Amino acid sequence: WRESTLTLPHQACKTAWPVSQLETFFLPSFPVETFHKDNNFTKLPQISKGAFGNIYQILDLEKNEIFALKVLSKSKIIESNLIKQVIEEVQIHRACGHHPFIVRCSSNWQSRKHLYIATEFIEGGELWSLLDKFGALALEVVQLYVAQIALALDFLHNAGVIYRDLKPDNILLDSDANIKLTDFGLSKWLPYGQTTRTVCGTPKYMGMTY
């Protein structure tokens with residue numbers, strides 16, 4: 001296939017590709033596993049809704065374990081020119097998700113129209129919900145959470161990653177009330193010595209330097 005369609009001039013116009021162009025955009029970071037994955041999961045209630053898709057609670061029938069599944073629209077990602085950003089998101093999450101204060105990314109794949117990112121399900125919900133319900137937290141709790149967040153960010157920085165969207169909505173609480181950093185949609189690999197000038201994040205949580 002590679003020789004006949006890419007190197008031979010008289011056959012260079014062929015359009016019989018092994019996978020559609022819509023799928024090649026996201027390969028190899030998002031393997032094509034539609035049938036296998038769809039039959040392994042049972043979709044449970046929706047957790048949240050975003051600009052590019054939704055997050056669902058799902059049950060893995062093989063492992064008998066609950067996960068959170070982010071389902072993203074390929075067309076919206078392509079229209080917004082965010083292919084590279086989504087690929088980088090899942091690469092960073094897979095590489096750094098083993099840290100105790102970062103949500104673990106278990107798998108990711110694609111179908112014809114959607115991208116799927118499965119992560120561990122954190123039952124405690126968002127830190128924002130806790131603040132909204134109880135208001136100011138006790139000093140000891142604040143000190144604990146600040147320390148855990150600092151450890152997670154320090155780990156990311158040592159791995160060459162800048163997070164860029166720290167806010168209560170992206171901090172989850174596990175069953176022991178410890179924090180778990182999630183949503184790497186704005187994260188970026190940044191080699192040592194390099195800088196970035198992109199302004200991104202949630203305005204009311206951005207640093208004063210912006």
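1. A residue is called buried here when its relative accessible area is under 20%. By that criterion, buried residues make up 38% of the 210 residues in this protein. The structure is a predicted model, and the remarks below should be read accordingly.

2. On the overall make-up, the protein has seven helices and nine strands. Among contacts between residues at least 6 apart in sequence, 58% join residues at least 24 apart.

3. The main sheet deserves description. Five strands form an open sheet in the order E1-E2-E3-E5-E4, and their pairing is antiparallel. Strand E1 (41-49) and strand E4 (105-110) are the edge strands, each of them pairing on one side only. On average, and with direction ignored, neighbouring strands of this sheet are turned by 25° against each other.

4. Within that sheet, strand E2 (residues 53-60) and strand E3 (residues 65-73) are joined in the antiparallel sense by eight bridges. One bridge to consult in the model is that of Ile58, whose partner in E3 is Phe67. E3 also runs antiparallel to E5, with seven bridges between the two strands. There, Ser73 has His114 of E5 as its bridge partner.

5. E5 also pairs with E4: five bridges join these antiparallel strands. The two strands form a hairpin, with three residues between them. Gln110 is bridged to Leu115 in E5. As to exposure, E5 is mostly covered, since six of its seven residues are buried. Helix H5 lies across E3, E4 and strand E5 (114-120), and its direction is at about 150° to that of E4.

6. Turning to the nonpolar interior, the largest nonpolar core has 17 residues, of which Ile102, Leu156, Ile179 and Leu181 touch the most other members. At least two residues of this core come from each of helix H5 (83-96), helix H7 (139-158), strand E7 (171-173) and E8. H7 gives the most, with five residues. The core draws on both domains, taking at least three residues from each of domain 1 (21-120) and domain 2 (125-205). A second, separate core has twelve residues, including Phe30, Leu72, Ile87 and Leu115.

7. Leu181 merits individual inspection. Leaving aside residues up to four places away in sequence, Leu181 touches Phe101, Ile102, Val103, Ala152, Leu153, Leu156, Tyr163, Leu166, Asn170 and Ile171. Two of these partners, Ile102 and Leu156, are named with Leu181 among the core residues that touch the most other members.

8. Lys180 is the residue on which a colleague may wish to pause. Is Lys180 buried or exposed? Lys180 belongs to strand E8 (residues 179-181). Its relative accessible area is 12%, and because this value is under the 20% limit, Lys180 counts as buried. The Lys180 side chain reaches the backbone oxygen of Pro100 at 3.1 Å. Not counting residues up to four places away in sequence, Lys180 touches Pro100, Phe101, Ile102, Val103, Glu120, Ile122, Asn170, Ile171, Leu172 and Asp174.

9. A general point helps in viewing such elements: in a regular strand, side chains alternate between the two faces of the sheet. For E8 itself, the contact lists may be set side by side. Phe101, Ile102, Val103, Asn170 and Ile171 are among the residues touched by Lys180, and these five are also among the contacts of Leu181.

How values were computed
Residues numbered from 1 in each chain as written. Predicted model: local features only at pLDDT ≥ 70, side-chain atom pairs only at ≥ 80, totals over all residues. Heavy atoms only, no water. Helix = DSSP H or I, 4+ residues; strand = E, 2+ residues; numbered from the N terminus. Buried < 20%, exposed > 50% of the residue type's maximum accessible area, 1.4 Å probe, protein only. Polar contact = N/O pair within 3.5 Å; in protein donor to acceptor, adjacent residues only side chain to side chain. Contact = heavy atoms within 4.5 Å. Core = buried A, V, L, I, M, F, W, Y, C linked by side-chain atoms within 4.5 Å. Domains from an automatic or database assignment. Pairing = 2+ DSSP bridges. Axes fitted to C-alpha atoms, helices over the stretch in contact; angles between N-to-C directions.
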